[in-house]
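Student: I have a structure open and want to learn how to read it. Can we go through it feature by feature?

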Amino acid sequence: MRPQKIVLLVDTTFYKQFGLMVFRSSNLKKNLLWKTVDTETNEGYRSCIQELLDDGWTILALVADGRPGLSKLFPNIPFQKCHFHQFQTVAQCISKNPQLQASKELRQIMFFLKQTDHASFKCLLSRWHKKWKLFLSEKTTNLITGKSHFTHQRLRRAFFSVRRNLDHLFTFQYHSKHIQIPNTTNSIDGYFSHLNNKLNIHRGASKSTQINLVHALFFQ
């Protein structure tokens with residue numbers, strides 16, 4: 001395929017015997033590159049993205065799950081944090097059915113993510129933080145060790161994750177007049193599901209056989 005301008009989706013999934021790092025063009029709806037990995041690392045992403053650049057591809061934007069440091073690998077390329085992954089991060093911290101009122105309200109704010117803009121979402125988040133700031137600061141002391149820790153650690157983790165990624169959650173809107181950037185990696189996640197179904201049929205096969213199957217399926 002001739003190198004051209006692309007919006008690049010990147011993600012990694014893990015199977016029983018290996019991990020698969022995939023690089024897919026959303027506008028071409030084509031897989032461009034893949035590699036097997038033992039762990040998901042920023043260096044793995046960096047080297048493969050650089051390989052595509054060296055081959056002549058022009059990357060207009062990157063869309064990924066937003067693992068720490070990933071957005072800084074290529075500062076001149078607009079970075080979009082996947083909305084689905086951000087929502088999942090919050091859900092993993094506070095659950096899908098939170099009991100704390102603060103958690104319920106934060107979860108409700110997350111439902112506005114896909115239908116609002118940066119300024120409005122930031123305002124909602126700021127209002128929530130102002131209301132629950134003291135609650136987030138509460139600490140519990142271990143009576144045996146005397147050491148203290150934040151009482152609502154998981155809620156804090158959820159909030160600070162959203163706030164940390166805020167500037168990358170609406171990149172698709174900033175560039176909408178010139179580039180069509182998806183706000184999720186759903187295209188690549190759907191491809192992972194397709195691969196998973198195929199590999200499940202051969203789940204008893206050796207690692208090399210499964211990798212050969214991936215290679216055969218990857219550029220279909």
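**Charged pairs, cores and confidence**

Tutor: Start with Arg46, which is partly exposed, with a relative accessible area of 30%. Keep in mind that this is a predicted model.

Student: Which residue forms a salt bridge with Arg46?

Tutor: The general idea comes before the case. Side chains of opposite charge can pair when their charged atoms come close. Here Arg46 pairs with Glu43, and the closest N and O atoms are 2.9 Å apart. Both residues lie in helix 1, three residues apart, about one turn of the helix. Glu43 is partly exposed too, with a relative accessible area of 46%.

Student: How many salt bridges does a search of the whole structure find?

Tutor: Three. Another one joins the side chains of Arg67 and Glu40, at 3.8 Å from N to O. This pair links distant parts of the chain, 27 residues apart. Arg67 sits in the loop between strand 4 and strand 5, and Glu40 in the loop between strand 3 and helix 1. Arg67 is partly exposed, with a relative accessible area of 24%.

Student: Where do Lys131 and Glu105 lie?

Tutor: They form a salt bridge, with the closest N and O atoms 2.9 Å apart. Lys131 is in helix 4 and Glu105 in helix 3, so the pair ties together parts that are 26 residues apart in sequence. Lys131 is exposed, because its relative accessible area of 53% is over the 50% cut-off.

Student: On to the interior. Which residues have the most contacts inside the largest nonpolar core?

Tutor: Again, the general idea opens the answer. In soluble globular proteins, nonpolar side chains tend to be buried together. In this model the largest nonpolar core has 29 residues, and Phe121, Trp128 and Leu155 have the most contacts inside it. Elements that give two or more residues to this core include strand 1, strand 4, helix 2 and helix 5. Helix 4 gives the most, with six residues.

Student: What is Trp128 in contact with, leaving aside its neighbours within four places in sequence?

Tutor: Its contacts are Ala102, Glu105, Leu106, Ile109, Leu136, Leu155 and Phe159. Glu105 is also the salt-bridge partner of Lys131. Apart from the largest core lies another, of 20 residues, among them Ile6, Val10, Leu33 and Ile77.

Student: Is Phe23 buried or exposed?

Tutor: Phe23 is buried, with a relative accessible area of 0%. Its place is in strand 2. Sequence distance and spatial distance are separate readings, and this residue shows both. Phe23 and Leu33 are ten residues apart in sequence and 5.2 Å apart in space, C-alpha to C-alpha. Beyond its neighbours within four places in sequence, Phe23 has contacts that include Leu8, Val10, Asn31, Leu33, Tyr45 and Ile188.

Student: Asn31 is on that list. What does its side chain make a polar contact with?

Tutor: With the side chain of Arg24, at 2.8 Å. Asn31 lies in strand 3. This residue is buried, because its relative accessible area of 7% is under the 20% cut-off.

Student: Last point, confidence. Which element has the lowest mean pLDDT, and which the highest?

Tutor: Look at the whole, then the parts. The mean pLDDT of the protein is 91, and 94% of its residues reach 70 or more. Among the elements, helix 8 (residues 207-218) has the lowest mean, 72, and helix 3 (residues 101-110) the highest, 98.

Technical notes
Residues numbered from 1 in each chain as written. Predicted model: local features only at pLDDT ≥ 70, side-chain atom pairs only at ≥ 80, totals over all residues. Heavy atoms only, no water. Helix = DSSP H or I, 4+ residues; strand = E, 2+ residues; numbered from the N terminus. Buried < 20%, exposed > 50% of the residue type's maximum accessible area, 1.4 Å probe, protein only. Polar contact = N/O pair within 3.5 Å; in protein donor to acceptor, adjacent residues only side chain to side chain. pLDDT = per-residue confidence, 0-100. Core = buried A, V, L, I, M, F, W, Y, C linked by side-chain atoms within 4.5 Å. Contact = heavy atoms within 4.5 Å. Salt bridge = Lys/Arg side-chain N within 4 Å of Asp/Glu carboxyl O.
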